[in-house]
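Here are my notes after a look through the model you sent. I've kept them as numbered points so you can follow along with the structure open.

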Amino acid sequence: MRAIGIILAGGNSSRMKELTKKRATAALPVAGGYRGIDFALSSMSNSHINKVGVFTQYNSKSLTQHLNSSKWWDFGRKQGGLFVFTPTQTHDNNNWYRGTADAIAQNIDFLKTSHEPYVIIASGDCVYKMDMNTLLEYHIEKNADITIVTKDLGKCDDPSRFGVVTTDENGLVTEFEEKPIVTSKTLVSTGIYVIRRRQLIEMIERAGDEDGFDLVKDIFLRYKGLKKIYAYQMSSYWSNITTVESYFQTNMNFLERKTRQYFFNEYPQVASKIEDLPPAKYNAGSKVKNSLIASGCIINGEVTDSILFKEVYVGNNCTIRNSIILNDVYIGDNTYIENCIVESHDTIQANSNYVGTPEDIKIILEQNERYVL
């Protein structure tokens, strides 16, 4: 492959509420057995990008544990590899990453010691599959300085959460506005970019000299009138998981046969770190309808239109509807849960009742008594 990969996975979203109090957004569980970052990593690996750097910062413990072996995504090779970069105090610098551009700047040697002519940059908090080879071919064909991968959201999401893009009939970007307060446009940036490696080094170093720390605001937007910036429009599934609502809906999309078929069965598949767990166990009297049940779960009650992640125990006479139960949750007998997200490692006491609404998903975060020393 003629490109190296960079995955920006150090961010925190206040709109995720309690869900990112102990993990980075890129480490959020998705679709029963994945993490958010798996989709970017798999797209790069499947596109034969052999060298990928992941930049972490906020609550990085669970994310770095997830990435502790590169073999799951087939990066364990003599050439290339998976590199995880965290903020480090040095003789010349003792700052945390002050933005996405600063994160790359503090690890600029990763770019300078590489030999591939192009860099593909992606965020770690989006769910998709993509052939990066086709993207790179488009970038070269257009003779672009920068290529932005875009997605037309239609009425599916709020475009003001993203960078909003306008193009001409040839795909040349004519307008690019980052997170406008109000917009009627629906074509947004997916946070995936292609740029020449040497050009990126030059832009990063120049931005640093002028105290510019953000990749989009201080580099791409600044050069939009000077550089040829093209948009590559994605037509397949794409979703961003940086709000509670979008995270919940993205997971619920996996209950649709079309989405499951696309991610689970169609080539190329999405890879993730594998844990040695027994298959889910359905005891006598349990009822499960239109739900994803991950390995290690034990079901005694009723589960409908829900997603249960690994090692969830559902007690007797429990009812779970339209909800997401994250990893390693114990749900006591006679509990009713609807329109909720239950945080991982929770212990839900017997006879509990938690009900949210489709418009206001409730996050359940109970005091965990199982792990108190």
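1. Let's start with the empty space. The largest cavity holds about 40 Å³, and a search of the whole structure turns up one cavity of 30 Å³ or more. Bear in mind that this is a predicted model.

2. Which residues line the largest cavity? They are F39, S42, S43, N46, K129, M130, P268, Q269 and V270. Sorted by class, the lining has four nonpolar, four polar and one charged residues.

3. One of those lining residues, P268, deserves a second look. The peptide bond leading from Y267 into P268 is cis, with omega near -5 degrees. As for where P268 sits, look in the loop between helix 9 (257-265) and strand 14.

4. Now the hydrophobic side of things. As a rule, nonpolar side chains in soluble globular proteins tend to be buried together. Here the largest nonpolar core has 38 residues, and I37, L41, V52, V54, Y128, M130 and I192 have the most contacts inside it. Several elements give two or more residues to this core, including strand 1 (3-8), helix 1 (37-46), strand 4 (51-55), helix 5 (132-141) and strand 11 (187-196). There is also a second, separate core of 35 residues, with A103, Y193, A207 and F220 among its members. M130 turns up in two places in my notes: among the best-connected residues of the largest core and in the lining of the largest cavity.

5. What does I37 touch, if you skip residues up to four places away in sequence? The list is I7, A9, A26, V54, L63, H66, L67 and G124. V54, like I37, is named among the residues with the most contacts inside the largest core.

6. Strand 4 is worth a point of its own. Five of its five residues are buried, so strand 4 is largely enclosed by the rest of the structure. Both faces are covered: V52 and V54 are buried on one side, and K51, G53 and F55 are buried on the other. That split fits the usual pattern, since side chains in a regular strand alternate between the two faces of the sheet.

7. Strand 4 has partners too. Strand 1 pairs with strand 4 in the parallel sense over four bridges, and G5 has V52 as its bridge partner. Strand 5 (residues 81-85) also runs parallel to strand 4, joined to it by five bridges; there, K51 is matched with G81.

8. Further along the chain you'll find an open sheet of five strands, in the order 14-17-20-23-26, with parallel pairing. Strand 14 (281-282) and strand 26 (347-348) stand at the edges with a single partner strand each, so one side of each has no neighbour in the sheet. Two bridges link strand 14 to strand 17 (residues 298-299), and K281 stands opposite I298.

9. Last, a pair of asparagines to check by eye. N317 has a phi near 60 degrees, a positive value in a residue other than glycine. It lies in the loop between strand 20 (313-314) and strand 21 (319-321). N334 also has a positive phi, of about 60 degrees, without being a glycine, and belongs to the loop between strand 23 (330-331) and strand 24 (336-338). How exposed is each? N317 is exposed, with a relative accessible area of 61%, whereas N334 counts as partly exposed at 38%.

Terms used:
Residues are numbered from 1 along each chain as its sequence is written. This is a predicted model: local features need pLDDT of at least 70, side-chain atom pairs count only at pLDDT 80 or more; totals for chains, interfaces and linings use all residues. Side-chain values use heavy atoms; hydrogens and water are left out. Two strands pair if DSSP finds at least two bridges between them. A nonpolar core is a set of buried Ala, Val, Leu, Ile, Met, Phe, Trp, Tyr and Cys residues joined through side-chain atoms within 4.5 Å. Buried means under 20% relative accessible area, exposed over 50%, partly exposed in between (1.4 Å probe, protein chains only). Contact means heavy atoms within 4.5 Å. On a 1 Å grid over the protein atoms alone, a cavity is a set of points where a 1.4 Å probe fits but cannot get out, and a pocket is an open set with protein on both sides within 12 Å along at least five of seven lines; lining residues have an atom within 4 Å of a point. Grid points are joined across faces, edges and corners, and a volume is the space filled by probe spheres set on the points. Ala, Val, Leu, Ile, Met, Phe, Trp, Tyr, Cys and Pro count as nonpolar, Asp, Glu, Lys and Arg as charged, and the others, Gly among them, as polar.
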